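Student: I would like a close look at one part of this model, namely the buried charged pair and its surroundings. Please set it in the context of the rest of the chain.

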Amino acid sequence: MFKSLSTSLIVRGILAIAVGIIALAWPQVTVLALVIMFAVYAFIAAGLEAVRGFSSAKAGPVFGHLLLGLVDLAAGVVALAWPGPTALVLVLIVGIWAVTAGIVEIAAAFQAGEEAGTRVMFILGGLVTIAFGVVLCARPGVGAITLALLFGLFNLIYGTWALVQGIELRRTSKALDPAAGETGHAQPSTVHNPFRRPAHR
């Protein structure tokens, strides 16, 4: 579980950072380019949530991750359904997606089977996502450039957080594996060796 979750967080973090850098380095994008960028991000995020869901051992986390994946998938489909939307429509789509995804992510934190550290990560990630969505919904009249800058800044913050958490989980997994491997093995001093010479005083 640790390994699958850490891999998902690392991949999603790298993806979000890459999208954030592109959005900040190229803020004069058209609305259509923003739609394509957001849709690709949403589809990849949906696939990662599906992987996280099916790698969970219990039904609670599976349902939460699959629901979050469906939210990501639906947002990408809705964005592509209007090939030339106005900036206002795109802002509302991204804002509603962010609020919904944040709420689902926080709800997934309280599903049975999640550990305390994982719950805290889900809650923090959900709060950041909700805050981003609330800002967009409160200011729906922002233009494409402002949306690109906000989307880029959000992805940099969220991507950095996800990448750090994924690396920490990967280190925790590696630290736990040797400890688990030591249990159940006989100590070397208790193993009888018939070819061992008796010690002389």
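Tutor: What follows starts with the overall chain, goes on to the pair, and then moves outward to the core and the surface.

The model is predicted. Its chain has an average pLDDT of 76, and 76% of the residues score at least 70. Over residues 184-197 pLDDT stays under 50, and the model has one contact beyond four places in sequence for that stretch. Where pLDDT is low, the predicted coordinates should not be read in detail.

The secondary structure consists of six helices and zero strands, so the order of elements from the N terminus reads α-α-α-α-α-α. Of the 201 residues in the chain, 42% are buried. Contacts between residues at least 6 apart in sequence join, in 80% of cases, residues at least 24 apart. The accessible surface of the chain is about 11000 Å², with 72% of it belonging to carbon and sulfur atoms.

Now the pair itself. Two salt bridges are found in a search of the whole structure. One of them joins the side chains of Asp-72 and Arg-12, at 3.9 Å from N to O. Because Asp-72 belongs to helix α3 and Arg-12 to helix α1, the pair ties together parts that are 60 residues apart in sequence. The cut-off for a salt bridge is 4 Å, and the 3.9 Å of this pair falls within that limit. Side chains of opposite charge can pair when their charged atoms come close.

Both partners are buried. For Arg-12, which sits in helix α1 (residues 2-25), the relative accessible area is 5%. Buried means under 20%, so Arg-12 at 5% qualifies. Leaving aside neighbours within four places in sequence, Arg-12 is in contact with Tyr-41, Ala-45, Leu-48, Glu-49, Asp-72 and Tyr-158.

Two of these names lead on into the interior. Tyr-41, a contact of Arg-12, is also among the residues with the most contacts inside the largest nonpolar core, along with Phe-38, Val-94, Trp-97 and Phe-151. That core has 40 residues, and α1, α2, α3, α4 (87-109), α5 (116-138) and α6 each supply at least two of its residues. Asp-72, the salt-bridge partner of Arg-12, is touched by Trp-97. Not counting residues up to four places away in sequence, Trp-97 also touches Phe-38, Tyr-41, Val-71, Ala-75 and Phe-154. Tyr-41 is thus in contact with Arg-12 and is touched by Trp-97 as well.

Two further residues show how other helices are placed. Val-35 lies in helix α2 and counts as buried, at 2% relative accessibility. Its C-alpha atom is separated by 9.9 Å from that of Ile-93, 58 residues apart along the chain. Leu-156 lies in helix α6 and counts as partly exposed, at 24% relative accessibility. The C-alpha atoms of Leu-156 and Ile-17 are separated by 4.8 Å, although the two residues are 139 apart along the chain. Beyond four places in sequence, Leu-156 is in contact with Ala-16, Ile-17, Gly-20, Ile-21 and Leu-24.

The other salt bridge gives a useful contrast. It joins the side chains of Arg-171 and Glu-168, at 3.5 Å from N to O. These two residues both lie in helix α6 (residues 144-182), three residues apart, about one turn of the helix. Arg-171 is exposed, with a relative accessible area of 55%, while Glu-168 counts as partly exposed at 39%. Asp-72 and Arg-12, by contrast, are both buried and lie in helices α3 and α1.

Helix α3 also takes part in the surface. A nonpolar surface patch of about 940 Å² is made by Leu-32, Ile-36, Val-40, Phe-43, Ile-44, Phe-63, Leu-67, Leu-70, Leu-73, Val-77 and Leu-80. Both α2 (31-55) and α3 (59-81) supply at least two residues of the patch, and the largest share, six residues, comes from α3. Phe-63, placed in helix α3, is exposed, with a relative accessible area of 53%. Helix α3 therefore holds the buried Asp-72 of the salt bridge and also contributes to the nonpolar patch.

Methods
Residues are numbered from 1 along each chain as its sequence is written. Side-chain values use heavy atoms; hydrogens and water are left out. Patches are made of residues with over 30% relative accessible area and no salt bridge: like charges are joined within 9 Å, nonpolar side chains (Val, Leu, Ile, Met, Phe, Trp, Tyr) within 5 Å. Accessible areas come from the Shrake-Rupley method with a 1.4 Å probe; for residues, only the protein chains shown count as cover. Helices (H or I, at least four residues) and strands (E, at least two) are DSSP runs, numbered from the N terminus. Buried means under 20% relative accessible area, exposed over 50%, partly exposed in between (1.4 Å probe, protein chains only). Contact means heavy atoms within 4.5 Å. pLDDT is the predictor's confidence in each residue, from 0 to 100. A nonpolar core is a set of buried Ala, Val, Leu, Ile, Met, Phe, Trp, Tyr and Cys residues joined through side-chain atoms within 4.5 Å.
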